[in-house]
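Reader: Please take one strand of this model and go through it closely. I would like to know what surrounds it and what it pairs with.

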Amino acid sequence: MSSDPSKPIKPIDHTPRVIVTRHLMPSVETRMGELFEAEFNSSDTPLTREQLISAMQRADVLVPAVTDRIDADMIAQAGDQLKLIASFGSGTDHIDLEAARAAKIIVTNTPGVFTDDTADIAMAGIIGVPRRIREGVGLVRSGKWTGWAPSGMLGRKLGGKVLGIIGMGRIGQAVAHRARAFGMEIAYYNRKPMPEAVERMLAARYVPDIDTLVAEADILTLHCPMTEDTRGMIDARRIAMMKPGSSIINTARGELIDQEALISALESGHLAGAGLDVYPDEPNVDRRLLKIPNVMTLPHIGSATAEGREASGEKVIANIRFWMDGHRPPDQVLIGL
């Protein structure tokens with residue numbers, strides 16, 4: 001959602017108190033300290049719910065991370081001075097946006113800066129799961145590798161395989177661009193088709209429903225936001241529709257997949273593997289996933305590059321400065337305020 005330029009914002013007449021919930025890049029924190037009355041979390045320990053509420057009662061601007069859950073009850077307890085939640089990261093599903101709108105709190109995010117980084121991690125799974133990279137690394141490290149063999153560690157090639165992409169926004173398109181170079185056939189589901197010119201550029205084919213896409217895909221990769229409509233969208237029924245020996249890659253949100261159904265399909269061998277960078281209850285990872293040989297389990301590092309994290313911090317600063325000066329922040333996600 002874009003900002004509403006017809007409604008002016010009153011400039012503030014003091015240096016705003018900005019409370020940052022997690023440790024950011026040193027250059028970003030230094031600049032924030034120069035510009036604002038900034039309070040940082042040097043330990044980088046996630047704030048408790050009570051600590052977040054306390055911060056919201058003291059701050060003019062709260063800078064949360066995507067792992068900080070901010071619900072309607074917390075927003076109701078915020079101080080009247082809290083006028084901006086400048087979130088670090090592109091997602092906004094961790095914030096109750098309607099409650100923020102009702103409280104007349106502007107919410108911003110940092111879109112676009114993690115597109116290539118997240119697409120790269122998705123490609124690591126798209127390549128690594130069919131080629132059994134995790135198993136291979138484990139075999140060498142265990143000391144049990146006995147050498148090359150004609151039938152040893154056989155995986156599946158990528159060329160000619162169908163990559164099913166759910167969610168064709170910036171990241172989905174970046175993944176399609178990369179996968180095309182590996183000779184994959186790109187099929188995608190989105191709320192609406194992309195322009196024909198973009199489809200031609202990416203050699204991507206629109207599939208009008210998720211059921212058809214999951215049934216066609218050799219590898220399914222998720223790049224959609226987490227909403228009540230998408231929660232658990234890859235459930236037992238849809239996993240059963242997938243080809244035997246297919247795989248799932250998820251770098252979006254853990255809640256998109258029914259984890260019990262995923263584990264069951266992996267343990268039975270119906271799915272050949274999975275590449276996971278996100279989980280329903282982070283940082284907790286179900287121990288059963290760790291025991292399945294061909295599951296790549298990553299610690300939510302899709303956006304973890306120094307360049308991306310610095311650029312995201314710079315966007316946070318820009319959003320705060322626009323707001324301070326009485327202008328609409330460039331990355332405002334709530335309209336009508």
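Author: What follows is a close look at strand β10, its neighbours and the core beside them.

The model is predicted. Strand β10 covers residues 246-250. Five of its five residues are buried, so the strand is largely enclosed by the rest of the structure. In a regular strand, side chains alternate between the two faces of the sheet. Here both faces are covered. Ser246, Ile248 and Asn250 lie on one side, and they are buried. Ser247 and Ile249 lie on the other, and they are buried too.

Next, the pairing. Strand β9, residues 219-222, runs parallel to β10, and four bridges join them. One pairing sets Ile219 against Ser247 of β10. Strand β11, residues 271-276, also pairs with β10 in the parallel sense, over five bridges. There, Asn250 stands opposite Leu276 of β11.

The connections come next. β9, helix α10 (residues 236-241) and β10 form a right-handed β-α-β unit. From β10 the chain passes through helix α11, residues 259-268, to reach β11. That β-α-β crossover is right-handed as well.

Now the core. Nonpolar side chains tend to be buried together in soluble globular proteins. The largest nonpolar core in this model has 32 residues. Ile248 of β10 is among the residues with the most contacts inside that core, along with Ile166, Leu220 and Ile234. At least two core residues come from each of β6 (162-166), α9 (210-216), β9, α11 and β11. Helix α11 gives the most, with five residues.

Ile234 shows how these parts meet. Leaving aside neighbours within four places in sequence, Ile234 is in contact with Ile248. Its other such contacts include Ile166, Val214, Leu220, Leu222 and Ile239. Leu256, Ile257 and Asp258 are also in contact with Ile234. A second, separate core has 22 residues, among them Leu163, Ile165, Ala176 and Ala204.

Last, the whole chain. The chain has 13 helices and twelve strands. Its radius of gyration is 22 Å, close to the 20 Å that the globule rule gives for 337 residues, so the chain is as compact as a globular protein of that length. Buried residues make up 47% of the chain. Of the contacts with a separation of 6 or more, 63% are between residues 24 or more positions apart. The accessible surface is about 16,300 Å², and carbon and sulfur atoms account for 53% of it.

Key. Residues are numbered from 1 along each chain as its sequence is written. This is a predicted model: local features need pLDDT of at least 70, side-chain atom pairs count only at pLDDT 80 or more; totals for chains, interfaces and linings use all residues. Side-chain values use heavy atoms; hydrogens and water are left out. Buried means under 20% relative accessible area, exposed over 50%, partly exposed in between (1.4 Å probe, protein chains only). Two strands pair if DSSP finds at least two bridges between them. A crossover is right-handed if, with the strands pointing away from the viewer, the path from the first strand over the helix to the second runs clockwise. A nonpolar core is a set of buried Ala, Val, Leu, Ile, Met, Phe, Trp, Tyr and Cys residues joined through side-chain atoms within 4.5 Å. Contact means heavy atoms within 4.5 Å. The radius of gyration is taken over C-alpha atoms; the globule rule is 2.2 Å times the number of residues to the power 0.38. Accessible areas come from the Shrake-Rupley method with a 1.4 Å probe; for residues, only the protein chains shown count as cover.
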